[in-house]
Amino acid sequence: ISSLLGKNISETVGCDHEIIVIDNSEKRFSIFSAYNEAIRRARGNILVFMHDDILYKTKNWGCIVAKVLEDEKIGVVGCVGGHVLGKEPTSWWNSKILSGCYEQKDGDRINKVLYERYNATLEPISVAAIDGLWMCFRNDVFNKIRWDEDSFTGFHFYDMDICMQIHSIGMEVKVIYDV
């Protein structure tokens, strides 16, 4: 984890936290097995799986996530996702019906991407799947599901697979707008 990201998390999370880094410089782990290892090491109740190239702008985002995840019907929350998935293997963004909010830096420009036309209130909204760039769970959800390192060995479809598992146990996948 970069010192910039670690500092950013510490300055914005707003609650007690631990940062677990799985060193994969020797390519020993798939993303599935790395995430399962992180779960084994985690001591907290809220687990956040994220890409290492993001920065947080929202103060106290950890408290916001914890509050949303108090609803035990919710299995996972993220910042962007798709409402419909096709029958064939596909990604969440192929849905063409999207919800979420994030900013993406392109050189010196920051492009804010906001998919809100399907959610006028900007309250948490149910989707079929969220993007793996930022996924938040209660730790107890992993008593019922896991990152499927037996079926998958690489670095793709981890977000789709875990969202389908969440649905299969009767829980909801949500996009939130306030982080």
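Arg146 is partly exposed, with 35% of its relative accessible area open. In this predicted model, the side chain of Arg146 takes part in a salt bridge with Asp150, and the closest N and O atoms of the pair are 2.5 Å apart. Asp150 is exposed, at a relative accessible area of 62%.

**Salt bridges**

The whole structure contains 10 salt bridges. Side chains of opposite charge can pair when their charged atoms come close. Three of these pairs are set out below with the N to O distance and the relative accessible area of each partner.

| Pair | Closest N to O distance | Basic partner | Acidic partner |
|---|---|---|---|
| Arg146 and Asp150 | 2.5 Å | Arg146, 35% | Asp150, 62% |
| Arg138 and Asp140 | 3.2 Å | Arg138, 8% | Asp140, 37% |
| Arg43 and Glu18 | 3.4 Å | Arg43, 73% | Glu18, 29% |

Glu18 and Arg43 meet through their side chains in a salt bridge of 3.4 Å, N to O. This pair links distant parts of the chain: Glu18 lies in the loop between α1 (3-12) and α2 (31-41), whereas Arg43 lies in the loop between α2 and β1 (46-50), 25 residues apart. Glu18 is partly exposed at 29% relative accessibility, and Arg43 is exposed at 73%.

Is Arg138 buried or exposed? Arg138 counts as buried because its relative accessibility is 8%, which lies under the 20% cut-off. Its salt-bridge partner is Asp140, a residue that is partly exposed at 37%. A further group consists of Glu37, Arg40 and Arg41, which are linked in a network of salt bridges.

**The sheet**

An open sheet is formed by 5 strands in the order β1-β8-β2-β9-β6, with mixed pairing. Its edge strands are β1 and β6 (125-126), each of which pairs on one side only. Within the sheet, strand β2 (residues 74-78) and strand β8 (residues 134-138) run antiparallel and are joined by 2 bridges. Val77 has Cys136 in β8 as its bridge partner.

**Helix α4**

Helix α4 spans residues 158-168, and 8 of its 11 residues are buried, so the helix is largely enclosed by the rest of the structure. The buried residues of α4 are Tyr158, Asp159, Met160, Asp161, Ile162, Cys163, Gln165 and Ile166. Which elements contribute to the cover over these buried residues? The cover includes α2 as well as the strands β2, β7 (129-130), β8 and β9 (172-175). Of these strands, β2, β8 and β9 also belong to the open sheet. Gly170 follows α4 and has a positive phi, near 80 degrees.

**The largest pocket**

The volume of the largest pocket is about 1100 Å³. How many residues line the largest pocket? The lining comprises 35 residues, and Ile19, Ile20, Val48, Phe49 and Met50 lie nearest the centre of the pocket. At least two lining residues come from each of α1, α2, β1 and α3 (61-68). By class, the lining has 24 nonpolar, 7 polar and 4 charged residues.

Some elements recur across these descriptions. Helix α2 contributes to the cover of the buried residues of α4 and also supplies lining residues to the largest pocket. Strand β1 is an edge strand of the open sheet and likewise supplies at least two residues of the pocket lining.

Definitions and conventions: Residues numbered from 1 in each chain as written. Predicted model: local features only at pLDDT ≥ 70, side-chain atom pairs only at ≥ 80, totals over all residues. Heavy atoms only, no water. Salt bridge = Lys/Arg side-chain N within 4 Å of Asp/Glu carboxyl O. Helix = DSSP H or I, 4+ residues; strand = E, 2+ residues; numbered from the N terminus. Buried < 20%, exposed > 50% of the residue type's maximum accessible area, 1.4 Å probe, protein only. Pairing = 2+ DSSP bridges. Contact = heavy atoms within 4.5 Å. 1 Å grid on protein atoms, 1.4 Å probe; cavity = no way out; pocket = protein on both sides within 12 Å on 5 of 7 lines; lining within 4 Å. Points joined across faces, edges and corners; volume = space filled by probe spheres on them. Nonpolar A, V, L, I, M, F, W, Y, C, P; charged D, E, K, R; others polar.
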